Amino acid sequence: MFFDAHVHLQAPELAPYWPEVARDLEAMGLMCAVVNGTEEADWPAVAALADRYEWVLPSYGLHPWLAARRSPRWLENLVVRLDEEATLGRRHAIGEIGLDRWRRPFDAADQQDVFLSQLALGTARNLPVSIHGLKAWGPLDELLHRAPVPARGFLLHAYTGPASMVPRLARRGAYFSFNGRFLDPRFLQAMDTFRHVPHDRLLIETDAPSMRPPASHVSHPLPTAADGHAPNHPANLAAVYPALANLLNLSETTLRTLIKANFERFFGPPPGPPRRNIPERDELPRQPVEPAA
Ligand SMILES: [Zn+2]
């Protein structure tokens with residue numbers, strides 16, 4: 001049983017492989033994948049994937065890289081998406097949102113506004129929020145301590161901030177998701193940081209089609225695309241579990257139990273079987289009244 005806390009299944013790089021990717025994920029025993037939208041244009045594809053695959057947990061948000069091309073009505077459009085999911089009674093989330101000081105140029109003030117308005121929505125509805133913070137963990141830490149945050153906590157996806165910030169962020173409600181890419185020796189520091197994450201705040205993610213793990217942990221290769229990069233197949237997740245268990249000195253069974261509990265605490269338990277249509281009390285047939293003698 002595997003849980004992917006952050007993936008972009010709707011991305012064009014994976015779209016040509018959807019049927020086989022879905023088959024591979026089902027075959028490996030994937031229980032749930034949180035599919036993160038990144039801008040208004042890809043939200044319909046996220047919803048369509050959730051309609052098609054019951055293991056897709058849809059998440060809608062505006063990514064800092066794409067914030068500049070949002071429509072004037074983007075926030076209302078986001079609210080409509082969340083309302084639709086609530087009406088369907090489907091688990092849903094907000095993401096991917098965040099700050100990014102790595103890709104240049106960036107407009108820090110605008111990023112902050114866009115981030116805070118989405119965080120406020122997550123807080124008001126107590127929804128899981130998936131946060132990106134490339135080279136921006138310091139400013140994020142400050143905002144997350146200044147602004148109200150969802151009562152259930154929030155997810156720092158592919159956390160690469162300093163280990164020293166982990167206890168303070170955990171006290172504020174942070175979950176931290178480990179990415180398979182961190183198994184590359186170039187990410188030794190991120191790997192070490194995860195030894196400091198409280199076990200009840202640990203999640204695992206792929207961020208596929210990005211963040212391909214090192215070749216030693218690629219169980220499901222995909223062909224190299226026109227841009228010279230091979231997309232990360234989300235089923236590579238299976239190889240990350242034993243690697244992280246090893247890093248944390250846990251048995252794989254213990255890690256799996258831990259991740260399942262954390263995932264279901266943060267994103268909510270899976271919906272039960274469809275409810276039978278039980279009539280409301282007032283609709284129950286009444287006892288016939290005995291006619292007066
Ligand atoms: Zn992402």
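Me: What makes strand β7 (residues 174-179) and β8 count as a pair?

Reply: The model is a predicted one. Four bridges join β7 to β8, and the two strands run parallel. Pairing needs at least two bridges found by DSSP, so four are enough, and β7 and β8 pair. Within this pair, phenylalanine 176 stands opposite leucine 202 in β8.

Me: How do you know that β1 (residues 2-7) and strand β2 (residues 30-36) pair?

Reply: The reasoning runs along the same lines. Four bridges join β1 to β2, and the requirement is at least two, so β1 and β2 pair. These strands run parallel. Phenylalanine 2 stands opposite leucine 30 in β2.

Me: In what order do the eight strands of the open sheet stand?

Reply: The order is β1-β2-β3-β4-β5-β6-β7-β8, with parallel pairing. Because β1 and β8 (202-205) each have a single partner strand, they stand at the edges, and one side of each is left without a neighbour in the sheet. On average, and with direction ignored, neighbouring strands of this sheet are turned by 25° against each other. In a regular strand, side chains alternate between the two faces of the sheet.

Me: Which strands does helix α2 (residues 43-52) touch, and what is its angle with β3 (56-60)?

Reply: Helix α2 packs on the sheet, where it touches β2 and β3. Its direction makes about 160° with that of β3. Angles over 145 degrees count as roughly antiparallel, so α2 and β3 are roughly antiparallel.

Me: Which elements make up the right-handed β-α-β unit?

Reply: The unit consists of β1, helix α1 (residues 18-28) and β2. The term right-handed applies because, with the strands pointing away from the viewer, the path from the first strand over the helix to the second runs clockwise.

Me: What makes β1 mostly covered?

Reply: Six of the six residues of β1 are buried. A residue is called buried if 20 or more other C-beta atoms lie within 10 Å of its own.

Me: Why is alanine 33 called buried?

Reply: Alanine 33 has 25 C-beta neighbours inside 10 Å. The threshold is 20 or more, so 25 places alanine 33 among the buried residues. Alanine 33 lies in strand β2. Leaving out residues up to four places away in sequence, alanine 33 touches Asp4, Val7, Leu9, Trp55, Val56, Leu57 and Pro234.

Me: Why is asparagine 126 called exposed?

Reply: Asparagine 126 has 12 other C-beta atoms within 10 Å. A residue with 12 or fewer is exposed, so asparagine 126 meets the limit. Asparagine 126 is in the loop between α4 (108-125) and β5 (129-132). Although asparagine 126 is not a glycine, it has a positive phi of about 50°.

Me: Why is lysine 135 called partly exposed?

Reply: Lysine 135 has 14 C-beta neighbours inside 10 Å. Exposed residues have 12 or fewer and buried ones 20 or more, so 14 falls in between and lysine 135 is partly exposed. Lysine 135 lies in the loop between β5 and α5 (137-146). Its phi is positive at about 55°, although lysine 135 is not a glycine.

Me: What makes arginine 101 partly exposed?

Reply: The count for arginine 101 is 17 other C-beta atoms within 10 Å. That is over 12 and under 20, so arginine 101 is partly exposed. Arginine 101 lies in the loop between β4 and α4. It touches Phe106, Lys135 and Ala136, not counting residues up to four places away in sequence.

Me: Why are helix α8 (residues 237-247) and helix α9 (residues 252-267) called roughly perpendicular?

Reply: Helices α8 and α9 pack at an angle of about 105°, with their axes 9 Å apart. The range for roughly perpendicular is 65 to 115 degrees, so α8 and α9 fall within it. At the contact, Tyr241, Pro242, Leu244 and Ala245 in α8 meet Glu252, Leu255 and Arg256 in α9. By class, this contact has five nonpolar, no polar and two charged residues.

Me: Which peptide bonds are cis?

Reply: One cis peptide bond joins glycine 95 and glutamate 96, with omega about 15°. Glutamate 96 is found in strand β4 (residues 93-98). Another cis bond runs from alanine 208 to proline 209, with omega near 10°. Proline 209 lies in the loop between β8 and α8.

Definitions and conventions: Residues are numbered from 1 along each chain as its sequence is written. This is a predicted model: local features need pLDDT of at least 70, side-chain atom pairs count only at pLDDT 80 or more; totals for chains, interfaces and linings use all residues. Axes are lines fitted to C-alpha atoms, for helices over the stretch in contact, and angles run from 0 to 180 degrees between N-to-C directions. Two residues are in contact if their C-beta atoms, placed from the backbone, lie within 7 Å. Ala, Val, Leu, Ile, Met, Phe, Trp, Tyr, Cys and Pro count as nonpolar, Asp, Glu, Lys and Arg as charged, and the others, Gly among them, as polar.
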